[in-house]
Amino acid sequence: MLAQHPEYQQKCRDELEEVLKDKEDIDWSDLTKLQYLTMCIKETLRIRPPVPAISRQLDQPLTFKSKTHNVPPTTLAKGSFAGVQIFSLHRNVHVWEEPEVFNPDRFTQDNIKKRSPHAFLPFSAGSRNCIGQNFAMNEMKIAVGQIIRKYELYIDDDTPDTVMETALVLRSTNGIMIKIRKI
Ligand code: HEM
């Protein structure tokens with residue numbers, strides 16, 4: 001996503017330079033300061049959620065009230081399997097304005113407060129959510145941060161489009177092609 005959007009990539013690079021100056025390593029205390037990079041990673045997790053769906057077996061009946069007049073509520077029986085389509089949630093026009101557009105500003109603190117905490121679920125939610133989410137976020141900040149400090153990521157007309165498939169995880173069938181050049 002940063003290769004596709006050089007303007008956001010540059011903003012991340014500027015932030016890295018401001019936070020790290022000439023320091024080689026990214027330390028623990030730096031991670032919380034990399035706010036723009038965090039916003040870009042979250043927006044990437046929204047538009048390309050690595051876990052596109054999860055499922056649950058209901059231990060009690062679940063009733064959905066309809067918003068449409070005269071349509072009665074629907075109840076799923078105890079024991080049913082319910083699929084939660086994270087990919088679709090993250091692209092639902094009732095939840096996200098222009099969901100196909102990559103826009104890291106969706107994740108400013110102010111904008112986060114305006115949404116339901118369940119609008120964005122890359123790590124699931126509730127008692128069986130991802131126990132590795134903080135580790136994963138920190139790992140991504142360090143890996144992406146260290147790469148874009150030294151290299152510019154870009155795509156051009158020769159770069160093949162990524163073809164996505166939904167397996168257990170969201171993955172590419174043809175690799176993720178990007179070009180890099182040393183800064
Ligand atoms: C971007 C990276 C990651 C994403 C998007 C992700 C996403 C998820 C999701 C959506 C679930 C919930 C599955 C469900 O509700 O059925 C989950 C569970 C889990 N994740 Fe992650 N994960 C990531 C990285 C990691 C890492 C780095 C670790 C370990 C260091 C980890 C460990 C786990 C474990 C152990 C569970 C099962 C928790 C349970 O069932 O109680 N994950 N992850």
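The questions and answers below concern a predicted model of a protein chain with a ligand.

User: What pattern of helices and strands does the protein chain follow along the sequence?

Analyst: The predicted protein chain has 6 helices and 8 strands. Read in sequence order, the pattern is α-α-α-β-β-β-β-α-α-α-β-β-β-β.

User: Among contacts between residues at least 6 apart in sequence, what percentage join residues at least 24 apart?

Analyst: The C-alpha trace of the protein chain spans about 60 × 40 × 30 Å along its principal axes. Of its 183 residues, 31% count as buried. For contacts between residues at least 6 apart in sequence, the share that joins residues at least 24 apart is 64%.

User: Which protein residue is the donor to the iron atom of the ligand?

Analyst: The iron atom has a single donor from the protein, an SG atom 2.3 Å away. The donor residue sits in the loop between helix H5 (109–113) and helix H6 (133–150). That residue is Cys130.

User: Is Arg91 buried or exposed?

Analyst: Arg91 is located in the loop between helix H4 (86–89) and H5. Beyond residues up to four places away in sequence, Arg91 touches Ile47, Arg48, Trp96, Pro99 and Glu100. Its relative accessible area is 17%. The cut-off for buried is under 20%, so Arg91 is buried.

User: Which residue forms a salt bridge with Arg91?

Analyst: Side chains of opposite charge can pair when their charged atoms come close. For Arg91, the side chain makes a polar contact of 2.8 Å with a side chain, and the closest N and O atoms of the salt bridge are 2.8 Å apart. The partner is exposed, with a relative accessible area of 56%. This partner is Glu100.

User: How many residues apart in sequence are the parts that Glu24 and Lys150 tie together?

Analyst: Glu24 forms a salt bridge with Lys150, with 3.3 Å between the closest N and O atoms. Because Glu24 lies in the loop between H1 and H2 while Lys150 lies in helix H6, the pair ties together parts that are 126 residues apart in sequence.

User: Which residues does Glu24 touch, not counting residues up to four places away in sequence?

Analyst: Glu24 belongs to the loop between helix H1 (6–20) and helix H2 (28–31). Its side chain is joined to that of Lys150 by a polar contact of 3.3 Å, and Lys150 counts as partly exposed at 33% relative accessibility. With residues up to four places away left out, Glu24 touches Gln146, Arg149 and Lys150.

User: With which residues is Asn138 in contact, leaving aside its neighbours within four places in sequence?

Analyst: Asn138 is placed in helix H6. It counts as buried, at 16% relative accessibility. Its contacts outside the neighbours within four places are Trp28 and Leu31.

User: How many residues apart in sequence are the parts that Lys179 and Asp158 tie together?

Analyst: Lys179 forms a salt bridge with Asp158, and the closest N and O atoms are 3.9 Å apart. Since Lys179 lies in strand S8 and Asp158 in the loop between strand S5 (151–154) and strand S6 (164–166), the pair ties together parts that are 21 residues apart in sequence.

User: What is the area of the nonpolar surface patch made by Ile155, Ile176, Ile178 and Ile180?

Analyst: The protein chain exposes about 12,400 Å², with 55% supplied by carbon and sulfur atoms. Ile180, one of the patch residues, is in strand S8 (residues 179–182). The patch made by Ile155, Ile176, Ile178 and Ile180 has an area of about 380 Å².

Terms used
Residues are numbered from 1 along each chain as its sequence is written. This is a predicted model: local features need pLDDT of at least 70, side-chain atom pairs count only at pLDDT 80 or more; totals for chains, interfaces and linings use all residues. Side-chain values use heavy atoms; hydrogens and water are left out. Donors are N, O and S atoms within 2.8 Å of the metal (3.2 Å for Na, K and Ca); water is not among the atoms, so sites may look incomplete. Helices (H or I, at least four residues) and strands (E, at least two) are DSSP runs, numbered from the N terminus. Patches are made of residues with over 30% relative accessible area and no salt bridge: like charges are joined within 9 Å, nonpolar side chains (Val, Leu, Ile, Met, Phe, Trp, Tyr) within 5 Å. Accessible areas come from the Shrake-Rupley method with a 1.4 Å probe; for residues, only the protein chains shown count as cover. A salt bridge is a side-chain nitrogen of Lys or Arg within 4 Å of a carboxyl oxygen of Asp or Glu. Buried means under 20% relative accessible area, exposed over 50%, partly exposed in between (1.4 Å probe, protein chains only). Contact means heavy atoms within 4.5 Å. A polar contact is a pair of N or O atoms within 3.5 Å; within protein, one must be able to donate a hydrogen and the other to accept it, and residues adjacent in sequence count only if both atoms are side-chain atoms.
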